[in-house]
Amino acid sequence: MRILHIAYRLPPEPGGMELHIERLIRAQLPRGHEVIVAHRRGELPRGTAPMPLTRTGASRAVSLKSDEIAFAMECAEALSRVPAPDVIHLHGDHREALALGSAARRLGIPLMLHIHGALTMRHRAIMPWAFRHVGGFIVAGTRPRADLHTVGVPDRLIRMTSAGLDVGRLAGFRDSGRVRRGLIISVGSLVKVKNHELTIEAFHRVRAVRPDARLVIAGEGPERDRLQRLAATGPGIEFTGHIAPDRVYSLVNRAEVLVHSSQRLRGIGEGIPNAALEALALGTAVLASSESTLDPVVPRDAYRIFRSGDAADLAARLHALLDDDETRRRMSERGVRAAEDLDWPLVAAQIERWYEMVTSHRVPVLTAR
């Protein structure tokens, strides 16, 4: 199968979505697929062919407002100049679908839209029109599925999945170092949607009664200075900045709990967080915000949830987990088992089956209302 992936950003640009796309492509290549990639930023994955893009007067004008939309317009214009793919795997949302949908339909190429986070609901009115040529949707969790339902996309067009995991590699880090008592870790870019501010506030409450507690925040981003000022109001917090994945895995493996506090903001929200899935594979207990639930790919008994935005609830649940070795042990066992079903070859095979449904026209496109 010839697959065209369209993604604005790829590694080494930071972000979980970017890693997801690159690792999916790496899992597809050994399965015999020919992969073409269109991207604006980052590096072309080895073994793939580039989709040459040309700046146009229209795309230059649109880029002043949104370069993501300008990129999608250039991809639409270039579709007729590359070997016709069997399927377009578009990573984005309604904006990219609006720019690409008509061109894909005109050329008879099935279009699948992969939504990695929550939709920007302030554009709700145009979404049915934007999605009218999308043959199928992949979403990362229940939140974006609910957003699609809200704008009239029927469940039969939607498949849910998360990023895959390199289970073998992660297993090599599991139990490679002694767990440090009281160590809490948070992994993610230092941006508002990750809500590290709440993690810091809750940690200060925990530290007030647990002087052995320590919080390590791994990641980099524009919020770093502000977060460091908040952290400096009490002891025990360390920022690592951007570090290599192997070092992240070693840190997570030594922690008693990984906290993921993401929140939904106007125009942005997360799907299933990669950092939490990797922590499960490493055997570390996961405590996640109710806005970053791991449903439906991870059973609820493999992790714990706190109320999004509630520092007191997060602190209370941290206390409970840090005090209960047996609960953390059971969560570790269940998390490792759940992660085994997310090995990248398994996830790639699931997506391949969805491609086959879309390309065989068994899934009708959405009718705009």
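Pro12 sits in the loop that runs between β1 (2-6) and α1 (16-28). In this predicted model, Pro12 is joined to Pro11 by a cis peptide bond, with omega at about 10°. Another backbone oddity turns up at Asn195, which has a positive phi, near 55°, despite being a residue other than glycine. Asn195 belongs to the loop between β8 (183-187) and α8.

From there the chain leads on to a helix pair. Helix α8 (residues 196-209) packs with helix α12 (residues 311-323) at an angle of about 50°, and the two axes are 8 Å apart. Angles that are neither under 35 degrees, over 145 nor within 65 to 115 count as oblique, so α8 and α12 are oblique to each other. Their crossing is right-handed. On the α8 side, the contact is made by Leu198, Thr199, Glu201, Ala202, Arg205, Val206 and Val209; these meet Ala311, Ala312, Leu314, Ala315, Leu318, His319 and Leu322 of α12. Sorted by class, the contact comes out at 10 nonpolar residues, two polar and two charged.

Then there is the second largest pocket, which holds about 290 Å³ of space. Its lining is built from 16 residues, and those nearest the centre are Val179, Gly283, Arg328, Arg329 and Ser332. Helix α13 (residues 325-340) is the top contributor, giving four residues to the lining. As for chemistry, the pocket lining has seven charged residues, five polar and four nonpolar.

Conventions: Residues numbered from 1 in each chain as written. Predicted model: local features only at pLDDT ≥ 70, side-chain atom pairs only at ≥ 80, totals over all residues. Heavy atoms only, no water. 1 Å grid on protein atoms, 1.4 Å probe; cavity = no way out; pocket = protein on both sides within 12 Å on 5 of 7 lines; lining within 4 Å. Points joined across faces, edges and corners; volume = space filled by probe spheres on them. Helix = DSSP H or I, 4+ residues; strand = E, 2+ residues; numbered from the N terminus. Nonpolar A, V, L, I, M, F, W, Y, C, P; charged D, E, K, R; others polar. Axes fitted to C-alpha atoms, helices over the stretch in contact; angles between N-to-C directions. Left-handed = near helix turned anticlockwise from the far one by under 90°. Contact = heavy atoms within 4.5 Å.
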